[in-house]
Amino acid sequence: MKDYSEYFKGPSLRDAKHRGKDEIHHIDDAYEVPADMIGIGKGQKYFIQTYGCQANERDGETLAGILESLGYEATDEIKDAQVVLLNTCAIRENAEEKVFGKIGYLKKVKRTNPNVIFGICGCMAQEEVVIQKILEKHQQVDMIFGTHNIHRLPVLLKQAMLDKEMVLEVWSKEGDVIENLPSHRAHPYKAWVNIMYGCNKFCTYCIVPYTRGKERSRLKNEIIEEVNELKAQGYQEITLLGQNVNSYGKDFDDGYNFASLLADVAQTGIPRIRFTTSHPWDFTDDMIDTIAQYDNIMPAIHLPVQSGNSEVLKRMGRRYSREQYLELFDKIKTKIPDCTITTDIIVGFPGETDEQFEDTITLYEHCEYDLAYTFIYSPRAGTPAAKMEDDIDIHTKEQRLYRLNDLVNEKALKQNQKYLDEVVEVLVEGTSKKDDNMLTGYTRHQKLINFKGNQDHIGQIVPVKVTEVKTWALKGEEIE
Ligand code: SAH
Ligand code: SF4
Ligand code: F3S
C-alpha cells in the first residue's frame with residue numbers, strides 16, 4: 001500500500017486536544033477568491049449534504065454561500081452536480097457509517113460523470129482514522145478539508161480542478177474566528193446565528209472538542225449586527241448557536257457573558273430568540289433571570305443531562321451531580337414556570353450498571369421532559385471513554401434504550417396535553433409535507449403544530465387554537 005504519511009497535511013486528534021493560551025484572532029479578511037475562480041461555476045450546479053448538529057447546518061449554509069459566490073447553483077440531484085460536498089458528522093459510529101455508505105454510492109456517480117469534484121468536509125474530516133480509510137479505499141474523493149478550513153474552499157476547489165492527486169487540507173490548530181463569509185441561509189423566516197465555536201468541556205465520550213477546537217467567541221458587535229440585519233430582512237426567529245453557549249465570553253476579559261449577550265440580542269426586538277446548547281454546569285442565575293425577563297426569549301431550554309447517576313456523570317466528565325442537576329432544573333421551573341425543558345441521554349456508558357440506569361429512569365420521572373434525544377453510547381477513537389472497560393452487552397443497552405424511549409413518549413404526550421384547547425402563537429413555516437391544505441410551524445415552546453389556516457400568513461406569527469394532541473405534534477386551527 002502507498003505510504004501517504006509524507007504528504008499527509010491531515011488532522012491530528014492529539015494536536016486538536018491542545019488548549020494553548022494563544023490569543024484568539026478575529027479575522028475579517030481571510031476569505032479569498034483566486035482571480036481565475038471568479039465566475040467559474042456559471043451554468044454549473046452544486047450539491048451539499050449536511051449531517052449532524054445545527055453548527056454543521058450553519059456551516060453548510062456558508063459552503064452553499066461560497067459556491068454561489070463562485071457562480072454555482074444549488075441542485076437536489078447529485079447526478080446533475082459538478083461539485084458534490086458531504087458535510088459530515090463524527091458524533092457516533094452510525095453517523096459515520098451513513099457517510100461511508102454515501103461515499104461508496106458516489107463511486108458510481110463518478111463513473112458516469114468523471115468530471116464531478118467530490119469533497120468531504122465537516123467533523124469526520126478532522127479524524128485521522130477517517131482520512132486514512134478514505135485515502136486507502138476511496139480514491140473517488142477529490143478533496144478533503146476540515147472544519148477550520150471552510151473559508152479556503154475557493155482555493156482548494158481550484159487545486160482539486162488542477163490536480164490529479166487528492167487535495168487534503170485539515171488544520172488541527174486551535175482556531176480563529178473568521179468573519180465575513182458568504183452564506184445562503186436554508187430558511188427564509190428563521191436563522192441560525194453562531195455566537196461561539198469549539199468546546200473546552202471534554203466530556204469523556206465526546207469527539208466534538210477535537211473536531212471543533214478551542215472555545216472562541218464571536219465579538220458582540222458582529223453578532224448584534226447580524227441579528228439586526230436578519231430582523232431588517234424580515235426574519236422572525238433566530239437561534240444562537242454554540243456547543244456550550246454558557247461559555248460565551250469566557251475568552252474575553254471584560255466580564256461580558258452569555259447573559260449579557262442574551263439581553264442585548266433581546267433588545268434588538270427580533271420577535272423570537274432561541275439558543276442551543278447550554279451545559280447544566282455553568283448555567284447561571286443571571287441567564288435564568290434574563291430568559292424570564294424578556295418576552296422574545298422563548299421559554300424552551302435544551303438541558304442535556306446524559307445520565308441520572310452521579311457516579312456515571314463523574315466518569316462522563318460532566319462536572320455536575322444528579323443533585324446539582326435537579327437543583328438547577330427545579331430552579332428554572334420555579335423562575336420560568338411555563339418553561340419547557342428537553343434533554344439528551346446516553347445509555348450504556350462503559351460500566352453503567354442496572355442500578356445506575358434506574359437512576360436515569362427515576363430522574364426522568366421527576367423531570368418529565370417535553371422531549372429527549374436518546375442514544376446508545378458509541379465509542380469514539382481518541383476520547384478517554386473509548387479506553388474504559390465496557391462489559392455491558394449490546395442487547396442490554398438496547399433494552400435500556402427501548403425502555404427509556406417508552407418513557408420519553410409517555411411524558412411527551414403528557415406534556416403536550418397541557419396545550420389542548422389553548423391558544424398558542426405559531427411561526428408559520430409553510431404547508432405541511434403530508435397535506436398541502438395544512439400549515440405547519442412551531443409554538444413558542446418549540447412544539448411542532450399542523451393546523452388549518454391562511455396560506456398568506458406563511459412567515460408570520462399567528463394565534464392557533466390547539467384541537468388535538470399527539471406525542472410528536474399538535475393539531476389546530478388558526479384564529480382569524
Ligand atoms: N454540546 C452539546 C452536545 C452535542 S452532541 C451538549 O453538550 O449538550 C449531542 C448529543 O450527542 C450529546 O448531548 C450526547 O447525548 C450525544 N453524544 C455525544 N457523544 C456521544 C457518543 N460518543 N455516544 C453516544 N452519544 C453521544
Ligand atoms: Fe461534547 Fe460535552 Fe462539549 Fe457537549 S459539552 S460538545 S457533550 S464535550
Ligand atoms: Fe456532529 Fe460535529 Fe456537530 S461531530 S454533532 S457535526 S460538532
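**Two ligand shells, a buried threonine and an enclosed helix**

The shell around ligand 3 splits into six nonpolar residues, two polar ones and one charged one. Keep in mind that this is a predicted model. That shell takes at least three residues from each of two domains, domain 1 (5-176) and domain 2 (189-417). Below is a quick tour of both ligand shells, then Thr-88, the cysteines and helix H8.

**Ligand 3**
- Cys-53, Asn-56, Cys-89, Ala-90, Ile-91, Cys-123, Val-208, Arg-212 and Gln-243 are the residues sitting around ligand 3.
- If you're after the charged member, it's Arg-212.

**Ligand 2**
- Around ligand 2 you'll find Cys-199, Lys-201, Phe-202, Cys-203, Tyr-205, Cys-206, Val-208, Pro-209, Gln-243, His-279 and Arg-318.
- Sorted by class, the ligand 2 shell comes out as seven nonpolar residues, two polar and two charged.
- Val-208 and Gln-243 turn up in the ligand 2 shell and also in the ligand 3 shell.

**Thr-88**
- Thr-88 belongs to strand S4, which covers residues 83-88.
- With a relative accessible area of 0%, Thr-88 falls under the 20% cut-off, so it counts as buried.
- A polar atom of the Thr-88 side chain is 3.1 Å from the backbone nitrogen of Met-124.
- Leaving aside residues up to four places away in sequence, Thr-88 touches Tyr-51, Asn-56, Val-99, Ile-120, Cys-121, Gly-122, Cys-123, Met-124 and Ala-125.
- Two of those contacts, Asn-56 and Cys-123, also help surround ligand 3.

**Cysteines**
- There are zero disulfides in the structure.
- Cys-367 is in no disulfide, and its nearest cysteine sulfur, on Cys-339, is 12 Å away.
- Cys-367 is buried, at 4% relative accessible area.
- Cys-199, one of the residues around ligand 2, is buried too, with 10% relative accessibility.

**Helix H8**
- Why is helix H8 (residues 258-266) described as largely enclosed by the rest of the structure? Because seven of its nine residues are buried.
- The buried ones in H8 are Phe-258, Ala-259, Leu-261, Leu-262, Ala-263, Val-265 and Ala-266.
- Those buried H8 residues pack against two helices, H7 (220-232) and H9 (285-293), and two strands, S12 (237-241) and S13 (272-276).
- At the N-terminal end, Asn-257 acts as the cap for H8, with a side-chain oxygen 3.1 Å from the backbone nitrogen of Ala-259.
- Ala-259 is itself among the buried residues of H8.

Notes
Residues numbered from 1 in each chain as written. Chains lettered and ligands numbered in written order. Predicted model: local features only at pLDDT ≥ 70, side-chain atom pairs only at ≥ 80, totals over all residues. Heavy atoms only, no water. Near = heavy atom within 4 Å. Domains from an automatic or database assignment. Helix = DSSP H or I, 4+ residues; strand = E, 2+ residues; numbered from the N terminus. Buried < 20%, exposed > 50% of the residue type's maximum accessible area, 1.4 Å probe, protein only. Polar contact = N/O pair within 3.5 Å; in protein donor to acceptor, adjacent residues only side chain to side chain. Contact = heavy atoms within 4.5 Å. Disulfide = S-S within 2.5 Å.
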